[in-house]
There are 2 protein chains.
Amino acid sequence: FEGVALSDLLSRSELTCFSLAAQGSQSLADLAVVGDTVAIFGNEARGLSTAQLSAGITLVNIPMPGDAESLNLSAAASIVMYHLANMQAS
Amino acid sequence: FEGVALSDLLSRSELTCFSLAAQGSQSLADLAVVGDTVAIFGNEARGLSTAQLSAGITLVNIPMPGDAESLNLSAAASIVMYHLANMQAS
């Protein structure tokens, strides 16, 4: 997807697009994806901007026990890619 | 487990101990743990030393598609802790 605008990607109905947010409505553990998937990583502190969120991207949270506020972006990205790779394999 | 020698930890039969290795015989995706678990992270490049391995620690690999040799330690640790947290929750 190099050189493709995000808005163009999101308009493709065959793609599943999601982003991470601590307040995301869906748990990553329950996220089942089929086919090509776009995981969008926003700003580490603020996530995606409101304009970007309005495109109807699913917001996914990483379930965490304890009181930690959130993971840093590299840790979160590692976990997302592990989850997606596992889903493709199974 | 602060201030406890690794060898003492490994001798406790009630603990499950494992470490990561690219050549590990068990996939993290299949690792089911019950009760208290010790995940040991060795040297990023070389893993655990032979002396440390001789204690009978299970070696676990993180399944990865593609040709990448391995993950860096922070990414691997993030994935392991996510997996363990998910297992405790389910």
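**Close-ups of a predicted two-chain model**

**View 1. A parallel match-up inside chain B.** Start with B:S19, whose bridge partner in β4(B) is B:L59. This is a predicted model, so read each view as a look at a prediction. B:S19 and B:L59 face each other as bridge partners where strand β1 (residues 16–20) of chain B runs parallel to strand β4 (residues 58–61) of chain B, the two being joined by 3 bridges.

**View 2. The other neighbour of β4(B).** Here we look at strand β2 (residues 26–27) of chain B, which runs parallel to β4(B) and is tied to it by 2 bridges. Looking for a landmark? Find B:S27, which sits opposite B:N61 in β4(B).

**View 3. The sheet in chain A.** Over in chain A, 4 strands make an open sheet, and the pairing is parallel. Reading across, the order goes β2-β4-β1-β3. Which strands sit at the edges? They are β2 (26–27) and β3 (37–40) of chain A, each of them pairing on one side only.

**View 4. Zooming in on an edge of the chain A sheet.** The edge strand β2(A) runs parallel to strand β4 (residues 58–61) of chain A, with 2 bridges between them. To get your bearings, pick out A:S27 and then its bridge partner in β4(A), A:N61.

**View 5. Where chain A meets chain B.** Contacts link 12 residues of chain A with 12 residues of chain B. Put together, the chains bury about 900 Å² between them, and 70% of that lies on carbon and sulfur atoms. Which three residues give the most on the chain A side? A:S78, A:I79 and A:Y82 do, supplying 54% of the area chain A buries against chain B, more than any other three residues. Sorted by class, the side of chain A that touches chain B has 9 nonpolar and 3 polar residues, with no charged ones.

**View 6. A hunt for polar links across the interface.** How many salt bridges are there between chain A and chain B? The count is 0. For polar contacts, the rule likewise finds 0 residue pairs across the interface of chain A and chain B, with both residues required to be at pLDDT 80 or more.

**View 7. How the two copies are related.** Turn chain A by 180 degrees, with 0.0 Å of shift along the rotation axis, and chain A superposes on chain B with an RMSD of 0.0 Å. The two copies are thus related as by a two-fold rotation axis. As for the meeting surface, 100% of the interface residues of chain A are also interface residues in chain B, so the copies meet through the same surface.

Key
Residues are numbered from 1 along each chain as its sequence is written. Chains are lettered from A and ligands numbered from 1 in the order in which they are written. This is a predicted model: local features need pLDDT of at least 70, side-chain atom pairs count only at pLDDT 80 or more; totals for chains, interfaces and linings use all residues. Side-chain values use heavy atoms; hydrogens and water are left out. Contact means heavy atoms within 4.5 Å. Buried area is the accessible area (1.4 Å probe) that two parts lose on being put together, summed over both. A salt bridge is a side-chain nitrogen of Lys or Arg within 4 Å of a carboxyl oxygen of Asp or Glu. A polar contact is a pair of N or O atoms within 3.5 Å; within protein, one must be able to donate a hydrogen and the other to accept it, and residues adjacent in sequence count only if both atoms are side-chain atoms. Ala, Val, Leu, Ile, Met, Phe, Trp, Tyr, Cys and Pro count as nonpolar, Asp, Glu, Lys and Arg as charged, and the others, Gly among them, as polar. Copies are superposed by least squares on the C-alpha atoms of residues with pLDDT of at least 70 in both. Two strands pair if DSSP finds at least two bridges between them.
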